[in-house]
Amino acid sequence: MPAAVRGARRADAKPRANIAAAPARGRTPAGRPSGKAAPTRGGISPKLTLAIAGVVLVAGVGVALATGHRGERLVYGIQQGVYNQFAAAGFRLRKVHVQGASAMAQADVLKAAGLYKDQPLIGMDLAAVKANVEKVGWVKEARIIRLLPDTLVIAVTERDAQAVWQHAGRSYVIDRKGHIIPEADPMKFPDLPLVVGEGANDAAAALMPEIQQRPRLRDRIEALVRVDARRWDLRLKDGSIIQLPAMNEGQALMQLDQLDAREHLLDLGFERVDLRDPDMIAVRPRAAAPPQQQQPVADGV
C-alpha cells in the first residue's frame, strides 16, 4: 500500500442522511412506557386522588404542629381543597338511607341531619350529624354510617309513643319514660291512653306497665287522672272511676283483678271503685236513672 503523501488533503466525508434516531425498544418517543395510555387531560383517577390527598393532609398537619394556632386557617383551607378533590373524584353524597324510623319520623330526621345533594362525603362531620339527629324528639339514639363512594346511612332507635299527656290546655305525645315527643301530633294517636294533670307525664312511667299487663282493664281506660300530684284516678270509658292509693298501686290493681275474676266487676258499670284502703274495697253502684214521668192524657185523646 503506497504511503500517504505529506500535505495531501483528506478526502471529504460522505454526507449523512438527516433521519431521526429510532426510539429505544419498549419506550415511546416521549419517554413513556409503551402499551399504557396517558392520563386523560383535565382529570385524575380516584386512586391518585386518595394518594395526593393523604400527602396533602399529612403536610397540613405538619404545618399546624409547626405554627400552632396560626396555621389552623391554612389547614382548614387545605382540608376543604382536599374534600373538593374527593367530591370531584366521585366521593359525594347522592343517597341517604334512614333506618329504624317510622314513616312519621323520617322527614324530621332528614331535616335535622342538614344534608344536601353532592355534599363532599369524605370530610363530613359525622359526629355533628349524629348530634343534630339526636335532637329530634322521635330519636332515642342514632348511628351515622358512611358508605363510599356516595351513600350515608342514618340508623336510629325511635322512642315508643306511650300516651297523650294533657296539661294546662295543651296535649303532648309522651314516650315510656314520660319524655315529650314535640314533633308528634296527638291527633294522629287516637288509640293512646290519655294522661291528665301536672307531673302526670313523669308519674305515668311507673303506672303504665301495671296497666299494660291487665288487658281487661287496659282496654276500658279512657284516661289516667293525676290527683293532687300524689295518686291516680282511672276513668273508664263507661264513666266508672277507679281510685288508686298513693302507694302500692300494683298491689291495689292485683286486688281489683281478683275481684273482677270472681264478680266480673268491670262489666257491671259501677260508679266508683275505691282501692285506697288496702284492707277494704269500697264499691259504689251507679245511681239508677229516675223513672220518666208520664204526661197526663188530654181529655178526648
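Ala, Val, Leu, Ile, Met, Phe, Trp, Tyr, Cys and Pro count here as nonpolar, Asp, Glu, Lys and Arg as charged, and the others, Gly among them, as polar. With these classes, the lining of the largest pocket divides into seven nonpolar, one polar and five charged residues. The model described here is a predicted one.

**The chain as a whole**

The protein chain holds eight helices and 11 strands. Of its 301 residues, 31% are buried. Among contacts with a separation of 6 or more, 50% are made by residues 24 or more positions apart.

**The sheet of three strands**

Strands of a sheet pair through backbone hydrogen bonds, either parallel or antiparallel. One open sheet has three strands in the order 1-3-2, with mixed pairing. Its edges are strand 1 (95-99) and strand 2 (139-147); each has a single partner strand, so one side of each is left without a neighbour in the sheet. From one strand to the next, the twist averages 15 degrees.

Strand 2 and strand 3 (residues 151-158) run antiparallel and are joined by eight bridges. Ile-144 has Ile-154 in strand 3 as its bridge partner. Two helices pack on this sheet. Helix 3 (residues 103-113) touches strand 1, strand 2 and strand 3, and its direction makes about 130 degrees with that of strand 1. Helix 4 (residues 126-133) touches strand 2 and strand 3, and its direction makes about 150 degrees with that of strand 2.

**The sheet of eight strands**

Another open sheet has eight strands in the order 5-4-6-7-8-9-10-11, and its pairing is mixed. Strand 5 (170-175) and strand 11 (282-284) are at the edges with a single partner strand each, so one side of each has no neighbour in the sheet. Neighbouring strands of this sheet are turned by 20 degrees against each other on average, direction ignored.

Strand 4 (residues 161-167) runs antiparallel to strand 5, with six bridges between them. Trp-165 stands opposite Tyr-172 in strand 5.

**Pockets and the cavity**

Rolling a probe the size of a water molecule over the atoms shows where empty space is left. The table gives the volumes of three such spaces.

| Space | Volume |
|---|---|
| Largest pocket | about 220 Å³ |
| Second largest pocket | about 160 Å³ |
| Largest cavity | about 50 Å³ |

The largest pocket is lined by 13 residues, and the closest to its centre are Asp-191, Leu-192, Pro-193, Arg-218 and Ile-221. Helix 5 (200-212) and strand 7 (221-227) are the elements that give two or more residues to this lining.

How many nonpolar residues are in the lining of the second largest pocket? There are no nonpolar residues in that lining, which has one polar and seven charged residues. The residues are Lys-140, Glu-158, Arg-159, Asp-160, Asp-175, Arg-176, Lys-177 and His-179. His-179 is the polar one, because Asp, Glu, Lys and Arg count as charged and His belongs with the others.

A search of the whole structure finds one cavity of 30 Å³ or more. The residues that line the largest cavity are Leu-236, Asp-238, Ser-240, Ile-241, Ile-242, Leu-265, Leu-266, Gly-269, Phe-270 and Val-273. At least two of the lining residues come from strand 9 (241-243), and at least two from helix 8 (265-268). By class, the lining of the largest cavity has seven nonpolar, two polar and one charged residue.

Note on methods: Residues numbered from 1 in each chain as written. Predicted model: local features only at pLDDT ≥ 70, side-chain atom pairs only at ≥ 80, totals over all residues. Heavy atoms only, no water. Pairing = 2+ DSSP bridges. Helix = DSSP H or I, 4+ residues; strand = E, 2+ residues; numbered from the N terminus. Axes fitted to C-alpha atoms, helices over the stretch in contact; angles between N-to-C directions. Contact = heavy atoms within 4.5 Å. 1 Å grid on protein atoms, 1.4 Å probe; cavity = no way out; pocket = protein on both sides within 12 Å on 5 of 7 lines; lining within 4 Å. Points joined across faces, edges and corners; volume = space filled by probe spheres on them. Buried < 20%, exposed > 50% of the residue type's maximum accessible area, 1.4 Å probe, protein only.
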